[in-house]
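Reader: I've got this model open on my screen and would like to go through it with you. Could we take it bit by bit?

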Amino acid sequence: MMHWTNTKRLLAGLAVATALSSIALALPAQAASLRMAWSQDATGLDPHKQTAFSSLRLLELIYETLVRLDADLNVVPAVADSWEFTDGGLTLTFKLNPNAKFSDGAQVKSADVKASFERLLNEETAAAARSNFLSIASIDTPDDTTVVFKLSQPDAPILVAMATINAAVVPAAGIGTIETTAVGSGPFKLDSWSPNEKEVLSANANWAGGKVGVDGITISVLPDETAILASLRAGQTDFALLNDPLVATLVPNEPNLQLNAIPGLAYNVLQLNPARKPMDDLKVRQAISCAVNRQEVLDTALVGEGKVTGPLTMPAYASDPNSLFCYTQDVEKAKQLMAESSSPDGFTAKVIAATGEPPVASSEAQVLQSQLAAIGVKLEIELMELNVYVDRWLAGDFDMAVAQNGGRPDPYPMYNRYFTKDGNLQKVSNFVDDELDSLLQQGRVETDVAKRKEIFQKFEARLAELSPWIWLSTSNTYTAQLKTVKGFVPSPTGTLFGLSAVTIE
C-alpha cells in the first residue's frame with residue numbers, strides 16, 4: 001500500500017506537471033529548422049556568374065538585390081528603401097535601408113552597391129547579366145545610404161534587371177572570396193555546403209526584412225524526384241523543389257502533402273547554333289521550326305503541364321503563339337524548305353541535354369528526335385551532368401541544345417544578352433540580326449507601355465521567323481510541402497525567397 005506522504009507527493013507532482021503543460025501550451029511554438037530537398041544541387045556560389053536554376057534558388061535565400069519582384073511581378077524594395085528617376089530618365093537615385101546588414105553584421109553601404117555593379121560591368125568577371133547594365137555610365141556615392149546611377153540613355157527595364165539575383169549586392173570587402181564564401185544580406189546565411197550532398201543555412205539575425213519564420217534550412221540533395229516524393233510521404237522532408245511534372249502530379253493524391261503550382265516565366269527551347277552548318281541556313285532553321293509539333297512535345301515530355309509559347313512568356317507582352325511563324329506543325333512545308341536548302345538530303349546533328357535540369361530534357365530530346373526524322377534530320381542525343389552542360393552551353397559548344405532558360409517580366413533584360421551585338425551571352429546564341437538589335441534598343445528607351453508592347457511584338461514575330469531557336473513551351477513551377485508548413489507564397493520566377501516567411505506547426 002502506498003504511503004500517504006508518497007501519495008501527496010505524487011499528486012503534487014501531477015499538479016506541477018499539469019501546470020507546466022498548461023504554460024507550455026500557452027507559449028508560442030519554437031521555430032524549427034526546415035528540412036528541404038531537391039534533386040539538382042547548386043553549381044557555384046558566385047551570384048553574379050551563376051546561370052543554373054538550382055544555384056539561383058540557393059543564392060536568392062542568401063543575397064539581396066537593390067529591389068526585388070513580388071509574387072505579382074511588381075518591383076518592390078529590398079536593400080533600397082526607395083528610388084527615383086530624374087534628369088529625363090538619365091539619373092537613377094536609390095536610398096538604401098539604413099538597417100540593411102550583411103550576415104557578418106556589417107552595414108550594407110553605398111560603397112558595396114558601387115563595388116557590386118563595377119564588378120558586374122567588368123568584362124573579366126563574365127557576369128551573367130552584364131549587358132543589362134551597359135547604360136550605366138557612372139556610379140556616385142554621396143553618402144553611405146545614397147547611390148546615384150548616371151545613365152548614358154534612358155533605360156526603362158533597368159529596375160527589373162536589378163531585381164534578379166545576378167545583380168546581387170555583395171560586400172566590397174569580400175569580393176575576392178565571393179566564389180568560395182557567401183556573405184549576403186538576405187534572410188539566411190550559409191553555414192556549410194557539401195556539393196551534391198547538402199547545404200545548411202541558418203536564419204540571418206541581421207536581416208532587415210524582419211524575423212525569419214524558421215531557425216534555418218537544411219537542404220538535402222536526393223538522387224531523383226521520386227526519392228524526394230518518398231521522403232515527403234515518410235515525413236522526413238518538410239519542403240521540396242520539384243521540376244518533374246510527372247512527379248508533381250502525384251502530390252495532390254497524398255493526404256498530408258500540399259502542391260504549390262504556378263505558371264512560370266521560364267521557357268523550354270530547342271536552341272540551334274547558327275554558327276555551325278547547316279544551321280546557318282535560314283531555310284534549314286525554318287524547316288526545323290515547321291517540323292516540330294510543340295503541343296506533342298508538351299503533352300508527351302511534360303504530361304501537358306504547361307502551355308505552348310512564343311519567345312515572350314510574360315503576361316504583359318505575350319502574344320498568341322498561333323500568330324507566329326509555323327507554330328502549327330506543317331511537315332510538308334518543312335520538307336519543301338529542306339529541299340530548297342543547303343541540305344536537301346538532311347543531315348546529322350548532336351543535341352546536348354542535362355540529366356537533371358530540367359528532368360524532362362531527355363524526354364523532350366527524344367520527342368524532337370522522332371519529329372525531325374520526318375525531314376531527314378537525324379538527332380544524336382548527348383546527355384551530361386548539369387555542370388558539364390552549363391560549361392558547354394556557355395561556350396556555345398553544341399549543334400543544338402535542349403534548354404530551359406529563365407524568363408523576366410520585361411523582354412529587354414530577358415533577351416538582350418543573347419540577341420544584341422553587345423550581349424554578354426551572344427556566344428550562346430551565335431546569332432546577330434540588325435533588326436532584332438534595333439527593336440531591343442527601341443524597347444529599352446521607350447517608356448510608353450503600349451508602344452513598348454508594339455515594339456516587342458515585332459521583335460517576337462521576327463525572332464520566331466528567323467528561328468535561331470525553336471521555342472516550345474512554358475512549364476509550371478512546383479514546390480511540395482507537408483501541410484504543417486505554412487506561409488509559402490510561390491512566384492512565377494520560381495524563386496524560393498518565400499521561405500523567409502514560412503513557419504512550421
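Reader: Where does Asp87 lie?
Author: This is a predicted model, so take the values as computed ones. Asp87 follows strand 4, which covers 80-86. Its place is the loop between strand 4 and strand 5.

Reader: Is Asp87 buried or exposed?
Author: The cut-off for exposed is over 50% relative accessible area. Asp87 comes out at 53%, so the label is exposed.

Reader: What is the phi of Asp87?
Author: Most residues other than glycine have a negative phi. Asp87 isn't a glycine, yet its phi is positive, at about 55°.

Reader: In what order do the four strands of the open sheet run?
Author: Strand 4 and strand 6 stand at the edges, each with a single partner strand, so one side of each has no neighbour in the sheet. The twist from one strand to the next averages 20°. The pairing is antiparallel, and the order is 4-5-7-6.

Reader: Which residue stands opposite Leu92?
Author: Strand 5 takes in residues 91-96 and strand 7 takes in 146-151. Those two run antiparallel, joined by five bridges. Across from Leu92, in strand 7, you'll find Phe149.

Reader: What angle does helix 3 make with strand 6?
Author: Helix 3 is made of residues 110-121 and packs on the sheet. It touches strand 5, strand 6 and strand 7. Its direction and that of strand 6 make an angle of about 165°.

Reader: Which residue in the hairpin of strand 8 and strand 9 takes a positive phi?
Author: Strand 8 (residues 188-194) and strand 9 run antiparallel, with six bridges joining them. Three residues sit between the strands. One residue in the loop there counts as exposed, at 56% relative accessibility. The residue with the positive phi, near 60°, is Asn196.

Reader: Which residues stand opposite Glu199?
Author: Strand 9 pairs with strand 8 through six bridges and with strand 10 through five. Both pairings are antiparallel. Facing Glu199 from strand 8 is Trp193, and facing it from strand 10 is Ile219.

Reader: Is Val212 buried or exposed?
Author: Val212 is in a loop, the one between strand 9 (198-203) and strand 10 (216-221). Leaving out residues up to four places away in sequence, it touches Pro187, Phe188, Ala203, Trp207 and Ser500. Under 20% relative accessible area is the cut-off for buried. Val212 has 6%, so it counts as buried.

Reader: How far apart are the C-alpha atoms of Val212 and Ala501?
Author: Along the chain, these two are 289 residues apart. In space, their C-alpha atoms are separated by 6.1 Å.

Reader: Which residues does Tyr412 contact, leaving aside neighbours within four places in sequence?
Author: Tyr412 belongs to helix 12, residues 411-419. Its relative accessibility is 2%, so it counts as buried. Its C-alpha is 9.0 Å from that of Ile158, 254 residues away in sequence. The contacts are Ser131, Asn132, Pro157, Leu440, Gln441, Arg444 and Phe456.

Reader: Which residues of strand 11 point the same way as Phe239, and which the other way?
Author: In a regular strand the side chains alternate between the two faces of the sheet. Strand 11 (residues 239-242) has buried residues pointing both ways. With Phe239 goes Leu241, while the other way point Ala240 and Leu242.

Reader: Which residue in strand 17 is the bridge partner of Leu241?
Author: Strand 11 runs parallel to strand 1 (residues 33-38), with two bridges, and there Ala37 stands opposite Ala240. With strand 17 (residues 469-482), strand 11 pairs in the antiparallel sense over four bridges. In that pairing the partner of Leu241 is Thr479.

Reader: Which peptide bond is cis, the one that joins Lys277 to what?
Author: Most peptide bonds are trans. Here omega is about 0°. The partner sits in the loop between strand 12 (257-272) and helix 7 (282-291), and it is Pro278.

Reader: How much space lies in the second largest pocket?
Author: The lining has 22 residues, and among those nearest the centre are Lys49 and Leu394. By class, eight are nonpolar, seven polar and seven charged. The space comes to about 460 Å³.

Definitions and conventions. Residues are numbered from 1 along each chain as its sequence is written. This is a predicted model: local features need pLDDT of at least 70, side-chain atom pairs count only at pLDDT 80 or more; totals for chains, interfaces and linings use all residues. Side-chain values use heavy atoms; hydrogens and water are left out. On a 1 Å grid over the protein atoms alone, a cavity is a set of points where a 1.4 Å probe fits but cannot get out, and a pocket is an open set with protein on both sides within 12 Å along at least five of seven lines; lining residues have an atom within 4 Å of a point. Grid points are joined across faces, edges and corners, and a volume is the space filled by probe spheres set on the points. Ala, Val, Leu, Ile, Met, Phe, Trp, Tyr, Cys and Pro count as nonpolar, Asp, Glu, Lys and Arg as charged, and the others, Gly among them, as polar. Two strands pair if DSSP finds at least two bridges between them. Axes are lines fitted to C-alpha atoms, for helices over the stretch in contact, and angles run from 0 to 180 degrees between N-to-C directions. Contact means heavy atoms within 4.5 Å. Buried means under 20% relative accessible area, exposed over 50%, partly exposed in between (1.4 Å probe, protein chains only).
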